[in-house]
Amino acid sequence: MSNRSGKKVDFNVADSGSASTNSRIVVRCEHNVPCVLKTSGTYTNPGRQFYGCPYWKDRKKTCRFFQWVESNDDETGSWTNEMGSIKNLEESLMLAERKAEKMKKENECLAEELSRLMLAHEVMAIRVKRLDDDVRIIRYMLIGAVFMNAILVVVLWRPESGM
């Protein structure tokens, strides 16, 4: 039998009694290390069992070997796999519900913050309008003052006679 990489899988049977009920399969990786029976927790293969090298996450040894366990068609194996799948799906549903509740709370907080920012924007718009009005009034006052000074200069300016 071969694994997903196409390499041959070494199955050694350790017999401790009758071959039908007490035989145990020992799967070894490419490094001849006995693999460990694990259960998948992924969404695509929930509850599916596989043999994996115990050095899967060891950076020094870096063995990525795994082999899916062939499924049994008997009722017990199927029922166990289905129960594992149901349990994994229930856990996934609980996690999704918690995440949805957290996102709902975050959404409410963001809605409140948006309301505060919109109100602050309206207040700032009113202040800017008032400042624009003040600037316009000051501009007219300056123009008036310059005009009044010009009139005063013309009225009060008298050329000296006799020169």
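The end C-alpha atoms of residues 137-157 lie 30 Å apart, and this span is 95% helix and 0% strand, where helices (H or I, at least four residues) and strands (E, at least two) are DSSP runs numbered from the N terminus. The structure is a predicted model, in which local features need pLDDT of at least 70 and side-chain atom pairs count only at pLDDT 80 or more, while totals for chains, interfaces and linings use all residues. Residues are numbered from 1 along each chain as its sequence is written, and side-chain values use heavy atoms, with hydrogens and water left out.

## Two annotated spans

The record in UniProt, an unreviewed entry, lists residues 137-157 as "transmembrane region" and places a "coiled-coil region" at residues 86-120. UniProt positions follow the numbering used here, feature names are shortened, and annotations may be inferred rather than shown by experiment.

| Residues | Helix | Strand | Distance between end C-alpha atoms |
|---|---|---|---|
| 137-157 | 95% | 0% | 30 Å |
| 86-120 | 100% | 0% | 51 Å |

Helix α1 covers residues 75-156 and includes Leu156. Is Leu156 buried or exposed? Leu156 counts as exposed because its relative accessibility is 63%, given that buried means under 20% relative accessible area, exposed over 50%, and partly exposed in between (1.4 Å probe, protein chains only). Leu156 also belongs to a nonpolar surface patch with Phe147, Met148, Ile151, Leu152 and Val155, and together these residues have about 620 Å² of accessible area.

## Around Cys29

Cys29 sits in the loop between β2 (24-28) and β3 (36-39), and it is buried because its relative accessible area is 7%. If neighbours within four places in sequence are left aside, Cys29 is in contact (heavy atoms within 4.5 Å) with Cys35, Cys53, Cys63 and Phe65. The C-alpha atoms of Cys29 and Tyr55 are separated by 9.9 Å, although these residues are 26 residues apart along the chain.

## The aromatic pair

How many aromatic pairs does a search of the whole structure find? The search finds 1 aromatic pair, and the rings of Phe50 and Trp68 have their centres 5.7 Å apart and their planes at 75°, so the pair is edge-to-face. The pair links distant parts of the chain, with Phe50 in strand β4 (residues 49-52) and Trp68 in strand β5 (residues 66-68), 18 residues apart. Rings of Phe, Tyr and Trp (its six-membered ring) pair if their centres lie within 6.5 Å, and planes under 30 degrees apart count as stacked, over 60 as edge-to-face and the rest as tilted. Phe50 is buried, with a relative accessible area of 18%, whereas Trp68 counts as partly exposed at 24% relative accessibility.

Definitions and conventions. Patches are made of residues with over 30% relative accessible area and no salt bridge: like charges are joined within 9 Å, nonpolar side chains (Val, Leu, Ile, Met, Phe, Trp, Tyr) within 5 Å. Accessible areas come from the Shrake-Rupley method with a 1.4 Å probe; for residues, only the protein chains shown count as cover. A salt bridge is a side-chain nitrogen of Lys or Arg within 4 Å of a carboxyl oxygen of Asp or Glu.
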